[in-house]
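Could you walk me through this model in the viewer, one selection at a time? I would like to know what to pick next and what I will find there.

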Amino acid sequence: MQIINSAKDMQRYSDALRQQNKRVAVVPTMGYLHEGHLSLVRIAREHADTVIVTIFVNPTQFGPNEDYKSYPRDWDRDVKLVTSSGADCIYAPEPVEMYPEGYQTSVRVDKLTQHLCGIVRPTHFEGVTTVVTKLFNATKPHVAVFGEKDFQQLQVIRRMVRDLDMDIEIIGAPIVREPDGLAMSSRNKYLSAEERKAAQVLSRALFEIRDMCAQGEHDALKLSQHVWQNISTEPLAKIDYIKICDLETLEDVTRIRRNAVVALAVFFGKTRLIDNIILKTA
Ligand code: AMP
């Protein structure tokens, strides 16, 4: 397992692979890895000769009152997991390598970032698109894999890559869930035993309306009310948003015509969890 900490070394590593006509994939992560991340590595492996996993808790995508400092980290465990997942290289720069003194550039996607999580986290996606651009420039991938768990992030990155003519194939990977349905997330670690149990309500509510939609209920208001009522029965859940939107524009829809996404963010105590599911009409 190759571990690289600087952008220059990372570029050299990738240049050498490209010269040998090897296909390079990258899987960007913030570490504290779980099966969801590892599924991305396996998908990346199907599309490339060499898989680079980046591990970087990016300070600029956290708001001032968010959990940057307390975000879970476990370097040794992550290295073991990446090694056993079959990836070839970890790129793990320090914040000062990414944002040295004098740093002043950012990448912003406009409209897509103004919906869903962008409303309560107004600076989040600019932090994401900027860091992902830097990670792409360092790792020089042909292909990059992102999870549908962060559906808005995936669409924002697709838009950025299209708009900026980045020559990188973006692959979306399905959400990996715990046996009880909870979407895997590094932040699940924050949940108390009661909150963890209560959080099951999210996937239950999403699965229910996926089935309702498949059986012919296409009224988005009725469907979102159903999720809202379902989640409201759980006293530990505090809803941030529940939205049914167009897959590409992320604008609210009133009727499901072909497909749409229902996306939600819900607090359990201080922990904000996000989840989503694609609704299909048939
Ligand atoms: P994170 O470390 O949370 O920033 O996530 C890194 C990547 O893993 C992102 O592309 C996420 O969408 C993806 N990811 C996180 N959790 C899951 C999951 N449960 N299933 C699939 N992908 C995930």
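Start by selecting helix α7, residues 151-163, which lies across β5 and β6. Keep in mind as you look around that this is a predicted model. With β6 shown as well, compare directions: α7 runs at about 170 degrees to β6.

**The parallel sheet**

Next, bring up the whole sheet to which those strands belong. In what order do its strands lie? Going across, you will meet β1-β4-β3-β2-β5-β6, 6 strands in an open sheet with parallel pairing. Colour β1 (2-4) and β6 (169-173) to mark the edges, where each strand pairs on one side only. Turn the view to look along the sheet, and you can follow a twist that averages 25 degrees from one strand to the next.

Now select helix α2, residues 35-47, which packs on this sheet. Its contacts are with β2, β3, β5 (143-147) and β6, and the direction of α2 makes about 155 degrees with that of β5.

Zoom in on β2 (residues 24-29) and its neighbour β3: the two run parallel and are joined by 6 bridges. For one of these partnerships, pick Ala25 in your viewer; which residue of β3 is its bridge partner? It is Val51.

**A tilted ring pair and a pocket**

Stay with β3 and step into the loop that follows. Select Phe56, in the loop between β3 (50-55) and α3 (75-85), together with Tyr99, in the loop between α4 (95-98) and α5 (117-120). These two residues are 43 apart in the chain, and their pair links distant parts of it. Why does the pair count as tilted? The ring centres of Phe56 and Tyr99 are 6.4 Å apart and the planes meet at 45 degrees, so the pair falls in the tilted class. The whole structure has 5 aromatic pairs.

Keep Phe56 selected and add Ile55, Val57, Arg73 and Pro93: these five are the closest to the centre of the second largest pocket, among its 15 lining residues. The pocket holds about 270 Å³ of space. Colour the lining by residue class and you get 10 nonpolar, 1 polar and 4 charged residues.

**The antiparallel sheet**

Move on to the other sheet for this tour. Here 3 strands are arranged in the order β7-β8-β9, forming an open sheet with antiparallel pairing. Its edge strands are β7 (237-245) and β9, each pairing on one side only. The twist from one strand to the next averages 15 degrees.

Show helix α9, residues 200-214, which packs on this sheet and touches β7, β8 and β9. Its direction makes about 15 degrees with that of β9. Then hide the helix and look at β8 (residues 259-268) beside β9: 10 bridges join this antiparallel pair. Phe268 is a handy residue to click on, standing opposite Thr271 in β9.

**The cavity**

For the last stop, keep β9 in view and select Lys149, Leu182, Ala183, Ser185, Asn188, Leu202, Leu273, Ile274 and Asp275, which line the largest cavity. Which element gives the largest share of that lining? Strand β9 (residues 271-280) does, with 3 residues. By class, the lining has 5 nonpolar, 2 polar and 2 charged residues. The volume of this cavity is about 40 Å³, and the structure holds 1 cavity of 30 Å³ or more.

Definitions and conventions. Residues numbered from 1 in each chain as written. Predicted model: local features only at pLDDT ≥ 70, side-chain atom pairs only at ≥ 80, totals over all residues. Heavy atoms only, no water. 1 Å grid on protein atoms, 1.4 Å probe; cavity = no way out; pocket = protein on both sides within 12 Å on 5 of 7 lines; lining within 4 Å. Points joined across faces, edges and corners; volume = space filled by probe spheres on them. Helix = DSSP H or I, 4+ residues; strand = E, 2+ residues; numbered from the N terminus. Nonpolar A, V, L, I, M, F, W, Y, C, P; charged D, E, K, R; others polar. Pairing = 2+ DSSP bridges. Axes fitted to C-alpha atoms, helices over the stretch in contact; angles between N-to-C directions. Contact = heavy atoms within 4.5 Å. Phe/Tyr/Trp six-rings, centres within 6.5 Å; stacked < 30°, edge-to-face > 60°.
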